Amino acid sequence: LAVLFLPLVFGMPSLYEWARPEAVAHDLVLQHKSPYLNIPFFLVRAVFYFAVWLTLSAVLNRWSLQQDSSDDPGYTRRLELVSRGGLVAIGLTMTFASVDWVMSLEPHWYSTLYGILIMGGQVLTAMAFVIPLAALLVDRGPLAGVIGVEQFHDLGKFLLAFVMLWAYFAFSQFLIIWSANLPEEIPWYLSRMRGGWQVVGIAIILFHFALPFLLLLSRDVKRRPNLLALVALGVMVVRFVDLFWLVTPAFHPSGIAVHWMDAATLVGLGGIWLSVFVWQLQGRS
């Protein structure tokens, strides 16, 4: 993903208003934010984000593999220690990355809850990805003797918790901004509530929260791996719709716009990531 980030570097003036000097020259708000929102500092931060994420993933990956092949309890202790610091590092870097990469698409708008909203969605996506993967592998290899109904029940409860947490973050941001009704904040939601975007928003409320919430309340659903996997896959699909709803109105505020490259990007980037994931998974017990 760090390599696939490089094309964005060459397209920054097309994506970000603050990356165009002529726009900054005539906008006091952009001038005020220019010490932070400028191309060199943006790239330095991006390199730092990827360095942190790559380091953490490499360390966790390597030590986890060593833990599987050794009875030394030291590996478990080391994994716990790096995870404690890693959670703090992920929280900080992902908050700033959310502001840099997504929120700054509309640089006049801001939300102090935005980074938490993005992170909540990421955790939900990760949990939704793990469940169908576990359901796929539960009847083969060494996992067959490790993962059972109780584990899927726990995973289902985690999925329900993160669905509720994401909804809490999303509604909190909306409620605070909508009730304040400030001209520098409310247009962000107004552009997502007209021109067809409101239909996408309603679909997100129904299928990102209401439907999975009701389904995951069922004990039977959580204890049936294949059924739970279907719910998780549905959550993953709507996660993409939610990101589409967050990003695309920045370029098409007057009405909904769908391009074939929206799907091609998902298939392309997701396919590359998934193929690397499967390739690495082959070397794991």
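The following exercises, each with a worked solution, concern a predicted model.

**Exercise 1. Helix 7 and its neighbours**

Determine how helix 7 is oriented relative to helix 6, helix 8 and helix 13, and state the handedness of each crossing.

Solution.

Step 1. Begin with helix 6, which covers residues 74-101. Helix 6 and helix 7 pack at an angle of about 110°, and their axes are 8 Å apart. Angles of 65 to 115 degrees count as roughly perpendicular, and helix 6 and helix 7 are therefore roughly perpendicular to each other. Their crossing is right-handed.

Step 2. Turn to helix 8, residues 149-180. Between helix 7 and helix 8 the packing angle is about 160°, with the axes 9 Å apart. This makes helix 7 roughly antiparallel to helix 8, since angles over 145 degrees are classed in that way. Helix 7 passes helix 8 in a left-handed crossing.

Step 3. Consider helix 13, residues 260-281. Helix 7, which spans residues 114-137, packs against helix 13 at about 45°, with the axes 14 Å apart. The two helices are therefore oblique to each other. The crossing of helix 7 and helix 13 is right-handed.

**Exercise 2. Salt bridges within a helix**

Two salt bridges are to be compared: glutamate 80 with arginine 77, and arginine 239 with aspartate 242. For each pair, establish where the partners lie and whether they are buried or partly exposed.

Solution.

Step 1. Locate the first pair. Glutamate 80 and arginine 77 both belong to helix 6, three residues apart, or about one turn of the helix. Their side chains meet with an N to O distance of 3.8 Å, and a salt bridge requires such atoms to be within 4 Å.

Step 2. Classify these two residues. Glutamate 80 has a relative accessibility of 37% and counts as partly exposed. Arginine 77, at 43%, is also partly exposed.

Step 3. Locate the second pair. Arginine 239 and aspartate 242 both lie in helix 12, again three residues apart, about one turn of the helix. The closest N and O atoms of this salt bridge are 2.9 Å apart.

Step 4. Classify the second pair. Buried means under 20% relative accessible area. Arginine 239, with 5%, is therefore buried, and aspartate 242, also with 5%, is buried as well.

**Exercise 3. A salt bridge between separate parts of the chain**

Identify which parts of the structure are tied together by the salt bridge of glutamate 150 and arginine 223, and state how many salt bridges the whole structure contains.

Solution.

Step 1. The side chains of glutamate 150 and arginine 223 meet in a salt bridge of 2.8 Å, N to O. Glutamate 150 lies in helix 8, whereas arginine 223 is in the loop between helix 11 (219-222) and helix 12 (225-247), so the pair ties together parts that are 73 residues apart in sequence.

Step 2. Glutamate 150 is partly exposed, with a relative accessible area of 44%.

Step 3. A search of the whole structure gives seven salt bridges.

**Exercise 4. Helix 8 and the residues beside it**

Find the spatial separations of threonine 112 from glutamine 173 and of isoleucine 176 from serine 111, and then describe asparagine 181.

Solution.

Step 1. Threonine 112 is in the loop between helix 6 and helix 7. Its relative accessibility of 83% makes it exposed. Although threonine 112 and glutamine 173 are 61 residues apart in sequence, their C-alpha atoms are 8.6 Å apart in space.

Step 2. Isoleucine 176 lies in helix 8 and counts as exposed, at 56% relative accessibility. Its C-alpha atom is separated by 9.7 Å from that of serine 111, which is 65 residues away along the chain.

Step 3. Asparagine 181 occupies the loop between helix 8 and helix 9 (187-190). Its phi is near 55°, a positive value in a residue other than glycine. Asparagine 181 is exposed, with a relative accessible area of 53%.

**Exercise 5. A nonpolar surface patch**

State which residues form the nonpolar patch on the surface, and describe isoleucine 272.

Solution.

Step 1. The patch is made up of Leu1, Leu4, Leu269, Ile272, Trp273, Leu274, Val276, Val278 and Trp279. Together these residues have about 840 Å² of accessible area.

Step 2. Isoleucine 272 belongs to helix 13. With a relative accessible area of 42%, isoleucine 272 is partly exposed.

Technical notes: Residues are numbered from 1 along each chain as its sequence is written. This is a predicted model: local features need pLDDT of at least 70, side-chain atom pairs count only at pLDDT 80 or more; totals for chains, interfaces and linings use all residues. Side-chain values use heavy atoms; hydrogens and water are left out. Patches are made of residues with over 30% relative accessible area and no salt bridge: like charges are joined within 9 Å, nonpolar side chains (Val, Leu, Ile, Met, Phe, Trp, Tyr) within 5 Å. Accessible areas come from the Shrake-Rupley method with a 1.4 Å probe; for residues, only the protein chains shown count as cover. Helices (H or I, at least four residues) and strands (E, at least two) are DSSP runs, numbered from the N terminus. Buried means under 20% relative accessible area, exposed over 50%, partly exposed in between (1.4 Å probe, protein chains only). Axes are lines fitted to C-alpha atoms, for helices over the stretch in contact, and angles run from 0 to 180 degrees between N-to-C directions. Angles under 35 degrees count as roughly parallel, over 145 as roughly antiparallel, 65 to 115 as roughly perpendicular and the rest as oblique. A crossing is left-handed if the near helix is turned anticlockwise from the far one by less than a right angle, and right-handed if clockwise.
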